[in-house]
Amino acid sequence: MAPILEVRNLVKLYPRVTAVDGVSFEVEEGRCFGLLGPNGAGKTTTVEVMEGILPASSGEVRYRGAPIGRQFRSEAGILFQKTALQDFLTVRQTLSLFRGLYPQGYDIDELLQLCSLQKLADRDNRKLSGGQQQRLLLAVALVNDPAILFLDEPTTGFDPQARRNFWKLIESVKARRRTIILTTHYMEEAQRLCDEIAIMDRGRIIARGAPRQLLAEHFADVLIELPRDDFPASARDLPLRVIEGADRVEITTNDLDGTLKALLGAHVPLRNLRIRPPNLEDLFLELTGKELRP
Amino acid sequence: MIRRLFALWHARNLEFLRDRGSLIFTLLLPLALVVGMSFVFGGPERAVFKIAVLTDDLGSVHHPFMSERFVDFIPIDDLAAATRKVARHQLDLLIDPQPGGTRYWVNTDSPKGYVAERLLLQADPGAVRQPVSGDAVRYVDWLFPGILGMNMMFSCLFGVGYVVLRYRKNGFLKRLNATPITAFEFLTAQVLSRLGLILVVTTILYVGVGFVIGFHSAGSPALLLAIATLGALSLIALGLTIAARFSSDELVGGLLNTLTWPMMLLSGVWFSLEGSPEWVRFVARLFPLTHILDAARAVTLDGAGVTAIAPHLVYLAVTTLVFLAFGAWSFKWRTD
């Protein structure tokens with residue numbers, strides 16, 4: 001099947017910075033594609049070029065085989081990191097305004113229900129809480145029942161409860177076989193929502209694949225995590241696979257018993273040791289040597 | 001406290017100085033005003049009165065009144081045209097200094113005409129007042145369309161300009177850019193929204209204030225509505241061309257001021273440009289407001305029909321399209 005979106009050798013230069021440095025990937029229809037990376041990695045710039053908001057310095061983006069144009073704008077839904085709405089409008093009026101800009105889309109009441117906004121329908125959009133405002137912005141992004149939905153760090157600043165609620169909403173969109181492009185620096189979010197991810201650092205993609213597959217490629221079954229101070233220099237000579245973090249070290253292994261015995265043998269204190277399955281955060285650390293959220 | 005104050009003062013100065021566009025316009029605007037005023041009021045002495053002399057050669061006329069200062073003497077040899085201008089407050093006084101005695105024409109409703117008449121009679125007590133042919137127009141009737149037009153101009157330019165600027169700065173325009181809407185559609189929607197508002201406000205003012213001052217239009221109200229509609233369209237579109245690109249409040253404010261001040265001074269809101277240098281009148285004719293006021297006064301004062309004011313209407317329609325096209329072409333959805 002032809003991909004719904006293709007990005008080819010995308011470069012975006014600013015006077016002193018190369019924000020995106022030759023990025024290529026494609027997204028299959030109906031999949032959730034995640035762009036991961038720390039602040040400043042080039043995620044938002046990449047996405048805004050894909051959305052047709054920013055011009056590319058070179059390279060191209062194709063939607064259903066054609067350059068980004070009117071068809072794309074009519075079929076795409078976009079949730080920016082920061083968006084202001086028109087003042088003095090209620091939630092319902094805001095949705096009506098955007099609904100009026102598209103030939104096709106949801107009925108307003110349906111949309112209010114989908115995004116749990118029924119009770120807020122007549123409230124001034126400036127008087128919503130952060131989570132409510134983001135639900136409204138998601139509703140705005142969904143107003144045309146988009147074939148492809150862009151979500152740029154949609155849950156930044158949310159409390160854990162609001163974040164989980166928002167994920168449920170996204171999952172309901174996903175269940176309707178809509179394509180989703182998600183940028184985030186929350187690994188848990190990417191692991192829960194994305195079918196495929198690309199990890200970005202300094203304007204480049206440094207790894208790409210299904211989250212599970214990427215983890216299997218880079219890690220053994222389990223991770224042993226130790227505070228850095230508990231890991232003496234003598235232990236570094238042990239035949240272990242060690243990933244160094246800022247304040248911790250991680251050892252990845254398929255042989256938990258053997259590794260623990262070796263650590264005890266090297267007099268490594270184990271009272272602060274944690275054993276857990278590897279996650280995308282570990283993957284990022286392994287790939288870049290940096291914590292994802294410093 | 002002084003340190004904090006200085007820190008804020010310094011940061012603000014830096015912001016202002018680095019915003020080149022605003023800086024240039026802050027300097028240019030007063031300069032343009034000074035240059036404009038000096039030409040409008042021209043010469044070493046600022047003329048207070050505009051007095052026409054019925055002659056084709058001003059140098060050949062010797063009359064005691066002509067030594068008065070602060071008076072602009074304008075030669076006119078067409079009596080009918082000159083008396084009409086007196087009736088329409090475009091001239092304060094018209095004198096015809098003949099060897100046998102001086103005749104003069106004045107609109108008794110004109111405050112400046114009244115003072116000019118006193119001065120003339122002091123210099124030449126024997127001068128004889130002649131009736132002004134046709135309806136002498138009250139000053140307030142001459143001024144009223146100017147005030148309405150000026151109000152319209154401010155509302156059109158600032159109302160639209162700052163709204164678009166705010167939308168761009170807070171990212172609302174960027175969000176709209178992600179929808180199928182085009183710049184031309186967005187601008188047209190803004191124009192129509194503001195047009196409706198302005199027509200309602202102007203109609204209320206026209207009816208309300210007109211009733212209070214006893215204003216009566218000689219010509220068709222429908223024609224006045226057409227002038228107001230086309231005029232507002234042209235001014236709104238002009239405001240949009242200013243707001244089409246920029247993201248700086250100060251730059252847009254400067255540009256809007258640079259437009260509104262000359263228009264207010266040169267479009268004939270307050271005084272007629274009779275006797276001003278030709279190039280000043282040429283500049284004035286470029287302004288939409290000049291055409292709005294000329295057409296409106298022709299209708300309200302002289303009862304002009306559609307053919308008489310057609311050139312003004314065409315000018316307003318054409319400038320609307322030109323401004324809108326330019327605005328759409330140069331439009332920017334997001335800040336840099």
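The legends below describe close-up views of a predicted model with chains A and B.

**View 1. Two domains of chain A.**
The domain assignment divides chain A into domain 1, residues 5-215, and domain 2, residues 220-277. Between the C-alpha centres of domain 1 and domain 2 of chain A there are 39 Å.

**View 2. The six-stranded sheet of chain A.**
Six strands of chain A make up an open sheet, and their order is β6-β7-β8-β3-β9-β10. The pairing in this sheet is mixed. At the edges are β6 (76-79) and β10 (204-209) of chain A, each of which pairs on one side only. On average, neighbouring strands of this sheet are turned by 15° against each other, with direction ignored. One pair to look at is β9 (residues 196-201) and β10 of chain A, which are antiparallel and share five bridges. Within this pair, Asp201(A) has Arg204(A) in β10(A) as its bridge partner.

**View 3. The four-stranded sheet of chain A.**
A second view of strands in chain A shows an open sheet of four, in the order β12-β13-β11-β14, with antiparallel pairing. Which strands stand at the edges? They are β12 (241-244) and β14 (274-276) of chain A; each has a single partner strand, so one side of each is left without a neighbour in the sheet. Neighbouring strands here are turned against each other by 25° on average, direction ignored.

**View 4. Strand pairs inside the four-stranded sheet.**
Starting from the β12 edge, β12(A) and β13(A), residues 248-253, run antiparallel and are joined by four bridges. Arg241(A) has Thr252(A) in β13(A) as its bridge partner. Next, β13(A) is joined to β11(A) by six bridges, and these two strands also run antiparallel. Here Ile224(A) stands opposite Ile251(A) of β13(A). Finally, three bridges link β11(A) with β14(A), again in the antiparallel sense. The bridge partner of Ile224(A) in β14(A) is Ile275(A). Ile224(A) can thus be followed to a partner in β13(A) and to a partner in β14(A).

**View 5. A helix across the four-stranded sheet.**
Helix α9 of chain A, residues 256-265, lies across three strands of chain A: β11 (222-227), β13 and β14. The helix runs at about 140° to β13(A).

**View 6. Where chain A touches chain B.**
How many residues does each chain give to the contact? Chain B gives 10 residues and chain A gives 15 residues. On the chain B side, helix α6 (residues 172-177) gives the most, with four residues. Sorted by class, the side of chain B that touches chain A has four nonpolar, four polar and two charged residues.

**View 7. Two domains of chain B.**
In chain B the domain assignment gives domain 1 (49-130) and domain 2 (139-330). Their C-alpha centres lie 35 Å apart. In the contact between them, 11 residues of domain 1 meet six residues of domain 2. The domain 1 side of this contact has three nonpolar, three polar and five charged residues.

**View 8. Helices α5 and α9 of chain B.**
Two packed helices are described by the angle between their axes and the distance between the axes. For α5 (residues 139-170) and α9 (residues 249-266) of chain B, the axes come within 11 Å and cross at roughly 165°. Angles over 145 degrees count as roughly antiparallel, and α5(B) and α9(B) are therefore roughly antiparallel to each other. Their crossing is right-handed. On the α5(B) side the contact includes Met150(B), Phe154(B), Leu157(B) and Gly161(B), and on the α9(B) side it includes Val252(B), Leu256(B), Leu259(B) and Met263(B). The residues of this contact are 11 nonpolar, two polar and one charged.

**View 9. Helices α5 and α11 of chain B.**
The axes of α5(B) and α11(B), residues 288-302, come within 9 Å and cross at roughly 145°. This crossing is right-handed. Among the α5(B) residues in the contact are Trp142(B), Pro145(B) and Gly149(B), and among those of α11(B) are Leu289(B), Ile292(B) and Arg297(B). By class, the contact has eight nonpolar, three polar and two charged residues. Met153(B) of α5(B) takes part in the contact with α11(B) and also in the contact with α9(B).

Note on methods: Residues numbered from 1 in each chain as written. Chains lettered and ligands numbered in written order. Predicted model: local features only at pLDDT ≥ 70, side-chain atom pairs only at ≥ 80, totals over all residues. Axes fitted to C-alpha atoms, helices over the stretch in contact; angles between N-to-C directions. Parallel < 35°, antiparallel > 145°, perpendicular 65-115°, else oblique. Left-handed = near helix turned anticlockwise from the far one by under 90°. Contact = placed C-beta atoms within 7 Å. Nonpolar A, V, L, I, M, F, W, Y, C, P; charged D, E, K, R; others polar. Domains from an automatic or database assignment. Pairing = 2+ DSSP bridges.
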